Amino acid sequence: MSPAATPKPSTASPIIAILTDFGLRDPYVGIMKGVMLGATLVDIGHEIPPQDVQKAALDLADSVTWFPPETVFVAVVDPGVGSARRAVVASVGPTHLVGPDNGLLVPAVERLAAAQVSEGLAVRDIQEGTYTLPASQTFHGRDIFAPIAAHLAAGVDAERIGPLGEPLARIDLPQPRRRQDPPSLVGRILRVDGFGNLRTNIPGDWVAGLEGSALNVSMGALRPALEVPLVTSYATVPTGALLLIVGSAGTVELSVAGGSASQALGIGAGQPLELRPARAEVR
Amino acid sequence: MSPAATPKPSTASPIIAILTDFGLRDPYVGIMKGVMLGATLVDIGHEIPPQDVQKAALDLADSVTWFPPETVFVAVVDPGVGSARRAVVASVGPTHLVGPDNGLLVPAVERLAAAQVSEGLAVRDIQEGTYTLPASQTFHGRDIFAPIAAHLAAGVDAERIGPLGEPLARIDLPQPRRRQDPPSLVGRILRVDGFGNLRTNIPGDWVAGLEGSALNVSMGALRPALEVPLVTSYATVPTGALLLIVGSAGTVELSVAGGSASQALGIGAGQPLELRPARAEVR
Amino acid sequence: MSPAATPKPSTASPIIAILTDFGLRDPYVGIMKGVMLGATLVDIGHEIPPQDVQKAALDLADSVTWFPPETVFVAVVDPGVGSARRAVVASVGPTHLVGPDNGLLVPAVERLAAAQVSEGLAVRDIQEGTYTLPASQTFHGRDIFAPIAAHLAAGVDAERIGPLGEPLARIDLPQPRRRQDPPSLVGRILRVDGFGNLRTNIPGDWVAGLEGSALNVSMGALRPALEVPLVTSYATVPTGALLLIVGSAGTVELSVAGGSASQALGIGAGQPLELRPARAEVR
């Protein structure tokens with residue numbers, strides 16, 4: 001999953017990738033960028049629903065392995081701004097992640113650690129002062145996180161940002177599991193994307209070998225179970241038909257060819273679902 | 001229409017301009033950018049309605065001549081991802097356009113060819129392998145198109161991307177025409193922009209010389225014909241009044257001064273319309 | 001309020017920051033960027049409601065001091081495009097602001113002037129010709145403002161852009177005031193942000209020392225007066241509770257912890273409000 005085939009950047013401009021729930025209607029993102037100029041600034045996204053830490057954590061995790069290892073990520077979805085929640089830098093090898101300690105960074109850290117031989121996670125508590133701006137009461141993205149990211153990108157050693165701290169706070173992401181008798185895969189819709197694709201937390205390799213067959217999808221007693229084919233391309237089924245496919249994040253997705261599964265089924269993030277082989281056993 | 005007056009970039013950083021229907025709520029655009037870092041990345045837009053190849057094709061065509069000739073354009077509106085549709089590089093002189101072969105690139109290629117002395121269109125079929133990432137089943141923007149664009153921007157010769165292929169697939173864009181008796185111009189609304197301006201496909205030079213006079217606009221038997229002045233500035237008419245004007249894409253637009261023609265008339269893309277001189281002949 | 005703590009950019013790439021009401025659905029912003037390539041381009045925002053000069057003026061003013069002093073700002077919210085309104089460059093020390101002369105630039109100019117020892121405001125009328133593109137009738141962002149910004153960023157002296165002109169046209173921004181008997185602060189909601197925070201025009205230092213106490217907020221005869229605590233952190237009050245806080249722009253904001261004050265109160269920009277000490281005097 002590493003973009004080894006892409007050309008190496010010829011310039012040594014450091015990279016900061018940014019993820020927030022600030023939206024694009026207000027000047028907040030632009031102001032953060034003003035503070036971080038000097039690095040190459042890349043948006044992962046700013047339309048995270050306000051204060052939806054889980055969606056942001058997933059988006060960040062799905063993004064981190066596609067950037068060069070030396071990237072500094074700054075993520076600000078921060079309902080606790082101004083409270084006692086820590087501001088941290090989590091470093092995995094050469095990659096730094098800057099943000100509030102509310103679980104936002106954890107799935108990304110795990111993804112990075114899994115992609116590297118050596119984990120080497122270091123969590124540091126950001127100290128306000130030399131490398132931050134005077135902090136307002138409401139906008140630590142501008143005053144704390146952006147200047148810390150800028151300094152890390154400019155080569156300031158993480159050790160100078162602050163002392164090693166406690167492990168990161170975790171968020172309670174639902175975990176998929178396999179049932180045995182009868183065999184089934186139990187998971188949850190983690191995210192709906194702009195096309196209406198329903199991304200589950202069920203790993204793609206749990207359905208390996210079942211491509212081409214139909215799975216029984218149940219989503220609670222109040223909804224009729226569906227029989228949906230597991231395909232390897234949207235184009236396999238007619239436009240408008242439901243399908244299951246292993247998506248770009250490596251997990252099972254429920255989609256409608258040329259349409260929106262979310263609209264067709266009236267389903268959003270959080271929905272539990274269970275997959276059973278319609279005619280064969282899940283391995 | 002060429003921005004010859006603008007200063008030459010002092011650095012030789014290659015440029016990639018990106019157009020997709022991925023939206024800004026999901027991390028897909030950011031992930032593509034992670035793969036293309038090293039070039040200067042410019043967004044043409046990502047809020048194309050899902051799978052609206054025609055709108056994307058128009059937006060791309062309206063954009064290409066305003067970028068430096070060596071720009072690599074990567075456009076991904078790709079309902080057929082994973083099907084047998086080709087992935088191509090279309091090169092017009094020094095400009096490369098990377099995307100699916102579903103008509104998306106054709107109007108831009110025609111615009112570029114018209115702007116240059118020598119056409120020299122070359123269409124190449126992208127070969128997966130050396131210059132692409134391992135392809136997922138759903139996200140060729142990340143796995144195929146982005147790395148190809150990155151390599152082209154980094155100076156890899158287009159000949160190494162793949163062999164010359166068939167001509168590009170075309171989309172069926174409605175063509176304007178002139179009627180003679182009685183004289184009129186027959187066209188269609190191609191696009192509604194965020195201000196509610198209705199952009200037609202009627203070339204501005206078809207109405208040259210009629211500025212200052214009124215035109216009769218008919219939009220089907222169910223709508224009353226309107227008499228609308230052809231002006232050279234929105235400010236010519238009172239706020240709230242309808243007007244015709246040759247817009248920035250060089251075609252006739254139907255607008256409301258200080259308002260939205262789309263809202264005022266309840267009209268969207270696809271609407272046929274016919275223009276007749278109210279008192280004089282269309283030349 | 002100056003980001004002195006951030007690292008100096010190591011490269012000397014000039015910076016252009018862009019603010020428009022063009023939205024992100026259309027290619028207009030991308031086209032402007034094509035014209036300005038060569039500088040580092042930063043978006044302040046493009047989702048200003050169409051032709052809302054006041055919101056744009058506020059956003060620009062809140063942004064300018066967070067960018068390096070040599071930044072060129074180009075702002076295009078231009079209901080009068082094509083009319084006789086001037087196109088100007090306003091220079092405050094090393095900072096240039098490019099846009100229409102409709103009041104859009106004034107609050108930013110005042111903020112910059114207040115932040116610097118020497119004001120040195122120079123207003124120049126843009127001359128079409130050498131440093132502009134042939135002007136269309138509808139898109140001066142592309143044809144006039146972008147190429148002027150590009151040339152200024154590339155080092156062209158402002159004196160060559162055009163002659164010194166009249167003072168800038170002003171917009172009528174509501175001014176806050178203090179009443180004496182009984183003592184109160186009278187202001188207005190200037191802006192609603194994406195979180196639903198209601199930003200007033202009442203300076204934060206007018207409520208200095210009152211943190212921790214409750215203020216009486218009245219918003220007209222038809223709404224019940226509210227008693228709202230002035231806090232220094234959203235986390236001081238329970239989720240869902242109203243609060244007053246001095247926000248990141250240095251003015252009083254009315255917010256709901258973990259929610260939207262705009263939704264909770266059904267209030268938007270323009271709403272007058274009056275603050276009174278619930279138990280103590282406003283100083």
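The exercises below concern the contact between chain A and chain B in a predicted model.

**Exercise 1. Size of the interface**

Task: State how many residues of each chain take part in the contact between chain B and chain A, and what area is buried there.

Solution:
1. Begin with the residues: chain B contributes 32, and these touch 39 residues of chain A.
2. Turn to area. The size of an interface is often given as the accessible area lost when the parts come together.
3. For chain B and chain A, this buried area is about 2900 Å². Carbon and sulfur atoms give 62% of that area.
4. On the side of chain B, the residues that lose the most area to chain A are R25(B), L37(B) and Q137(B). Together they make up 22% of what that side buries.

**Exercise 2. Polar links and the makeup of one side**

Task: Find which residues form the salt bridge between chain B and chain A, then describe the side of chain B that touches chain A by helix and by class.

Solution:
1. The count of salt bridges between the two chains is 1.
2. The partners are K55(A) and D26(B), whose closest N and O atoms lie 3.2 Å apart. A salt bridge requires such atoms to be within 4 Å, so the pair of K55(A) and D26(B) meets the cut-off.
3. Polar contacts are counted separately: 7 residue pairs across the interface qualify, with both residues at pLDDT 80 or more.
4. Two helices of chain B, α1 (28-36) and α4 (140-153), each supply at least two residues to the side that touches chain A. The most comes from α1(B), with 6 residues.
5. Sorted by class, that side of chain B holds 14 nonpolar, 12 polar and 6 charged residues.

**Exercise 3. One residue at the contact**

Task: Locate V246(A) in chain A and list what V246(A) is in contact with, leaving aside neighbours within four places in sequence.

Solution:
1. V246(A) belongs to strand β12 of chain A, which covers residues 242-246.
2. Within chain A, V246(A) touches G204(A), V207(A), T251(A) and V252(A).
3. Across in chain B, V246(A) touches Q137(B) and T138(B). Q137(B) has already appeared among the residues of chain B that lose the most area to chain A.

**Exercise 4. Symmetry**

Task: Work out how chain B is related to chain A.

Solution:
1. A turn of 120° with a shift of 0.0 Å along the axis lays chain B on chain A, with an RMSD of 0.0 Å.
2. The two copies are therefore related as by a three-fold rotation axis.
3. In chain B, the residue closest to this axis is T40(B), with its C-alpha at 5.2 Å.
4. The copies use different surfaces, since 3% of the contact residues of chain B recur in chain A.

Definitions and conventions
Residues are numbered from 1 along each chain as its sequence is written. Chains are lettered from A and ligands numbered from 1 in the order in which they are written. This is a predicted model: local features need pLDDT of at least 70, side-chain atom pairs count only at pLDDT 80 or more; totals for chains, interfaces and linings use all residues. Side-chain values use heavy atoms; hydrogens and water are left out. Contact means heavy atoms within 4.5 Å. Buried area is the accessible area (1.4 Å probe) that two parts lose on being put together, summed over both. A salt bridge is a side-chain nitrogen of Lys or Arg within 4 Å of a carboxyl oxygen of Asp or Glu. A polar contact is a pair of N or O atoms within 3.5 Å; within protein, one must be able to donate a hydrogen and the other to accept it, and residues adjacent in sequence count only if both atoms are side-chain atoms. Helices (H or I, at least four residues) and strands (E, at least two) are DSSP runs, numbered from the N terminus. Ala, Val, Leu, Ile, Met, Phe, Trp, Tyr, Cys and Pro count as nonpolar, Asp, Glu, Lys and Arg as charged, and the others, Gly among them, as polar. Copies are superposed by least squares on the C-alpha atoms of residues with pLDDT of at least 70 in both.
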